[in-house]
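Visitor: I am new to protein models and would like to learn how to read one. Could you take me through it step by step?

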Amino acid sequence: MAAGLDFIRICILTGARLWDTGDLDRGCAADLLRRRKELGAEHIKLFADVDKKHSVPFPGLDLETHIEWTEFYRADALIVSGRMTGDAPPLEKVRRAREVATRPILLGSGTTAENIADFLQYADGAIVGSSLKVDGVAENPVDVERVRRYLAAVKGVRRG
């Protein structure tokens with residue numbers, strides 16, 4: 001509310017995950033929805049990861065169930081990522097998510113000018129970082145030419 005945001009990204013809205021740091025974390029849906037209502041912030045959209053990068057699901061939590069739970073708790077968009085920062089998810093995973101989800105699908109990692117056309121067959125958008133940086137390295141500054149190539153690839157899909 002204080003920042004005037006239109007949306008927030010939630011790493012684990014539902015379910016439980018074991019992080020690459022060894023920590024087990026659980027979803028925050030009930031607490032978050034109550035707090036959002038208390039603040040009068042229900043207009044702020046929730047973009048929630050499903051099968052979050054840098055983690056593995058609690059045993060028994062498959063992608064389809066995670067999507068169902070995440071939509072039940074009112075996520076406005078679902079984020080599908082690869083295993084680690086900068087890794088693209090398998091295209092098949094994005095296709096499966098599209099088949100199950102009723103909300104927009106966003107890609108949370110790994111899209112490039114070379115693969116975005118394939119992903120946009122199933123996804124509604126992408127969160128892009130590393131692939132637009134000099135040499136594709138997250139810590140580097142933005143490479144304007146990489147941005148141009150990426151946007152040209154997206155425009156090619158959107159026009160077609």
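**A glutamate, a sheet and a helix**

Guide: This is a predicted model. Start with glutamate 71, which sits in helix α2, residues 63-72.

Visitor: Which side chain of opposite charge is nearest to glutamate 71, and how far away is it?

Guide: A salt bridge needs a side-chain nitrogen of Lys or Arg within 4 Å of a carboxyl oxygen of Asp or Glu. Arginine 103 is the nearest side chain of opposite charge, at 4.6 Å, and glutamate 71 has no salt bridge although it is buried. Apart from neighbours within four places in sequence, glutamate 71 contacts Leu78, Ala101, Thr102 and Arg103.

Visitor: In what order do the strands of the sheet run?

Guide: The five strands are ordered β1-β4-β6-β7-β8, paired in parallel, and the sheet is open. Strands β1 (7-10) and β8 (125-126) each have a single partner, so one side of each has no neighbour in the sheet. The parallel pairing of β7 (residues 105-107) with β8 rests on two bridges, and leucine 107 has alanine 126 in β8 as its bridge partner. Helix α2 packs on this sheet, where it touches β4 (45-50) and β6 (77-80); the directions of α2 and β4 make an angle of about 165 degrees.

Visitor: Which residues of helix α1 are buried?

Guide: In α1 (residues 29-38) they are Ala29, Leu32, Leu33 and Arg36. Their arc around the axis is only 95 degrees, which means that they lie on the same side of α1. Among the elements covering these buried residues are β1 and β4.

Visitor: What follows α1?

Guide: Glycine 40 comes after α1, and its phi is positive, near 65 degrees.

Note on methods:
Residues are numbered from 1 along each chain as its sequence is written. This is a predicted model: local features need pLDDT of at least 70, side-chain atom pairs count only at pLDDT 80 or more; totals for chains, interfaces and linings use all residues. Side-chain values use heavy atoms; hydrogens and water are left out. Helices (H or I, at least four residues) and strands (E, at least two) are DSSP runs, numbered from the N terminus. Buried means under 20% relative accessible area, exposed over 50%, partly exposed in between (1.4 Å probe, protein chains only). Lys and Arg count as positive and Asp and Glu as negative; His and the chain ends are not counted. Contact means heavy atoms within 4.5 Å. Two strands pair if DSSP finds at least two bridges between them. Axes are lines fitted to C-alpha atoms, for helices over the stretch in contact, and angles run from 0 to 180 degrees between N-to-C directions. The arc is that of the directions from the helix axis to the C-beta atoms.
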